[in-house]
Amino acid sequence: MARSFPLAKIMLEAGSLLVFWVLASLFSLRVAIAGTLVFIIWDAVRRYRNGRSFPRLWIIINTLAILFGVIDLISISPFLLPYEAVLTNLITAVCFTVSAFGSTSLVQEIVEERQGFPFPPDRLELKAYFRAFTLVWAGYFVAKAGLYFWLLQHFPLTRALALRSVIGPLSLFIMIGISMQGKRVFLLCQRLGLFLSPKPLPHEA
């Protein structure tokens with residue numbers, strides 16, 4: 001957890017989202033969708049050639065992007081587009097929540113993939129911390145989905161999409177920034193009495 005990672009690497013992990021936001025702001029939505037699909041294919045080839053893994057989060061996000069992108073590209077009118085972000089955030093939240101109660105949570109998997117090795121199985125306090133952090137991310141995606149839906153109900157579509165284009169990247173960068181301080185957050189939690197190492201049994205002392 002003490003190892004730090006350049007912001008560029010994290011931004012590359014979220015590359016498909018960044019490509020979509022940039023192209024959507026400069027060109028049309030269809031260009032943004034097509035450009036995002038091209039980026040996903042390039043990133044998959046790059047990972048394969050470099051022997052890198054395909055984490056569950058990468059698969060989830062890019063599968064959703066491909067699914068909704070294909071639907072919109074073959075549709076005369078991209079009817080799902082206004083609600084795609086709502087659905088994507090909700091599905092992502094479900095995936096985070098389910099993983100939190102599995103053997104390895106998504107956040108732990110991401111950290112282990114970045115550092116290149118897994119944490120020792122006896123570090124139960126780390127496992128619990130990553131599970132909690134995964135649920136925090138799930139809550140973030142649920143909150144963002146709810147906000148996006150509220151915007152669509154209370155503002156014209158163009159205004160709602162404009163607000164979404166600001167709120168989405170800004171909130172994501174804030175969450176990534178907090179996650180990059182994972183070690184400090186973990187130590188703070190321990191000072192507060194949370195996620196402490198289990199005490200050894202008398203016969204193990």
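Okay, let's start with one small detail: the side chain of Ser 171 reaches the backbone oxygen of Ile 167 at 2.8 Å. That same side chain of Ser 171 also reaches the backbone oxygen of Gly 168, at 3.0 Å. For a polar contact we want a pair of N or O atoms within 3.5 Å; within protein, one must be able to donate a hydrogen and the other to accept it, and residues adjacent in sequence count only if both atoms are side-chain atoms.

Before I go on, this is a predicted model, where local features need pLDDT of at least 70 and side-chain atom pairs count only at pLDDT 80 or more, while totals for chains, interfaces and linings use all residues. Residues are numbered from 1 along each chain as its sequence is written, and side-chain values use heavy atoms, with hydrogens and water left out.

Back to our serine. Ser 171 is in helix α8, and helices here are DSSP runs (H or I, at least four residues), strands are E runs of at least two, and both are numbered from the N terminus. Is Ser 171 buried or exposed? Ser 171 counts as buried because its relative accessibility is 18%; buried means under 20% relative accessible area, exposed over 50%, and partly exposed in between, using a 1.4 Å probe and protein chains only. Leaving aside neighbours within four places in sequence, Ser 171 is in contact with Tyr 140 and Lys 144, where contact means heavy atoms within 4.5 Å.

Now zoom out. The protein chain has 9 helices and 0 strands. Of its 205 residues, 36% are buried. Looking at contacts with a separation of 6 or more, 67% are between residues 24 or more positions apart.

So what about the inside? A nonpolar core is a set of buried Ala, Val, Leu, Ile, Met, Phe, Trp, Tyr and Cys residues joined through side-chain atoms within 4.5 Å. The largest one has 21 residues, and Tyr 140, which we just met, is among those with the most contacts inside it, along with Phe 96, Val 107, Phe 130, Trp 137 and Phe 141. Which helix gives the most to this core? That's α7, with 8 residues. There's also a second, separate core of 7 residues, including Val 86 and Tyr 148.

Let's stay with α7, and look at Thr 134, which is found in that helix. Thr 134 is buried, with a relative accessible area of 0%. A polar atom of the Thr 134 side chain lies 2.7 Å from the backbone oxygen of Phe 130. Beyond its neighbours within four places in sequence, Thr 134 touches several residues, among them Phe 96, Leu 106 and Val 107.

That brings us to how α6 meets α7. They pack at an angle of about 115 degrees, with their axes 7 Å apart. That makes α6 roughly perpendicular to α7. From α6 we have Leu 106, Val 107, Gln 108 and Val 111, meeting Lys 127, Phe 130, Phe 133, Thr 134 and Trp 137 in α7.

One last oddity: Phe 195, in the segment after α9 (182–191). Phi of Phe 195 is near 55 degrees, a positive value in a residue other than glycine. Most residues other than glycine have a negative phi. Phe 195 is partly exposed, at 22% relative accessible area.

Definitions and conventions
Axes are lines fitted to C-alpha atoms, for helices over the stretch in contact, and angles run from 0 to 180 degrees between N-to-C directions. Angles under 35 degrees count as roughly parallel, over 145 as roughly antiparallel, 65 to 115 as roughly perpendicular and the rest as oblique.
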